[in-house]
Amino acid sequence: MKKSGILNPQLARAVARLGHRDTFVVADCGLPIPREVEVIDLSVVFGIPRFIDVLDAILSEVVVEGAVIAEEARSTDVNQWVSERLRPVSYVPHEQLKVQVSDAAFVVRTGETTSYANIIVRCGVPF
């Protein structure tokens, strides 16, 4: 049994496969996900697990080069959550963010119900 870190085997495998400039998405429970993108569905009920808890767990294991959230999230808790953890953060219209999801290595669906609680994270390297 693992001593620490991500316990979900599907998520642990997906994170371990990430490389420089790969992207992944942490999403609320309502984001439409293209059929061709792997979905790691952690949602249990509305609100569980929370977007920020899942994002924090993944961020503890990856190097981040940048992130993208919806322009519409600028005045929400989502912007505060993300800006406290990541730099640089770019903003695009929500409709454009949904299109960019198709380029992600995977999407982690949470039980989050906060509007626009979606982020595209671009991986960096530790050297």
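R21 is found in the loop between α1 and β1, and that's a handy place to start looking around this predicted model. The protein as a whole has 4 helices and 6 strands. Reading from the N terminus, those elements come in the order α-β-β-α-β-α-β-α-β-β. The radius of gyration is 13 Å, close to the 14 Å that the globule rule gives for 127 residues, so the protein is as compact as a globular protein of that length.

**The loop between α1 and β1**

- R21 has a positive phi of about 75°, even though this residue isn't a glycine.
- With a relative accessible area of 52%, R21 counts as exposed, because the cut-off for that label is over 50%.
- G19 has its place in the loop between α1 and β1 too.
- G19 has a relative accessibility of 25%, so this glycine counts as partly exposed.
- Where does the chain bring G19 and C123 in space, given that they are 104 residues apart in sequence? Their C-alpha atoms end up 6.7 Å apart.

**Overall build**

- Along its principal axes, the C-alpha trace spans about 40 × 35 × 30 Å.
- Out of 127 residues, 42% count as buried.
- Take the contacts with a separation of 6 or more: 81% of them come from residues 24 or more positions apart.
- About 6,900 Å² of the protein is exposed, and carbon and sulfur atoms supply 51% of that area.
- There are 13 positive and 16 negative charges, and the mean positions of these two sets are 5 Å apart.

**The nonpolar cores**

- In soluble globular proteins, nonpolar side chains tend to be buried together.
- Here, the largest nonpolar core has 30 residues. The ones with the most contacts inside this core are L11, F24, F51, I58, F106 and I119.
- Several elements supply at least two residues each to this core: the helices α1 (9-16), α2 (51-59) and α3 (77-83), along with the strands β1 (23-27), β3 (64-70), β5 (106-109) and β6 (119-123).
- Which element gives the most to this core? That's α2, with 6 residues.
- Another core lies apart from this one; that other core has 12 residues, and A27, V68, V101 and V107 are among them.
- Back in the largest core, L11 is worth a closer look. Leaving out residues up to four places away in sequence, L11 touches I6, I40, L42, I58, F106 and V108.

**Backbone oddities**

- Most residues other than glycine have a negative phi, and most peptide bonds are trans.
- One cis peptide bond joins I48 and P49, with omega at about -10°. P49 sits in the loop between β2 (38-41) and α2.
- A cis peptide bond also joins R87 and P88, and omega there is about -10°. You'll find P88 in the loop between α3 and β4 (89-92).
- Y116 isn't a glycine, yet this residue has a positive phi of about 65°.
- To spot Y116, go to the loop between β5 and β6.
- Is Y116 buried, partly exposed or exposed? Its relative accessible area is 29%, so Y116 is partly exposed.

Definitions and conventions
Residues numbered from 1 in each chain as written. Predicted model: local features only at pLDDT ≥ 70, side-chain atom pairs only at ≥ 80, totals over all residues. Heavy atoms only, no water. Rg over C-alpha atoms; globule rule 2.2 N^0.38 Å. Buried < 20%, exposed > 50% of the residue type's maximum accessible area, 1.4 Å probe, protein only. Contact = heavy atoms within 4.5 Å. Areas by Shrake-Rupley, 256 points an atom, 1.4 Å probe, with all protein chains shown as cover. Lys, Arg positive; Asp, Glu negative; His and termini not counted. Charge placed at Lys NZ, Arg CZ, Asp CG, Glu CD. Core = buried A, V, L, I, M, F, W, Y, C linked by side-chain atoms within 4.5 Å.
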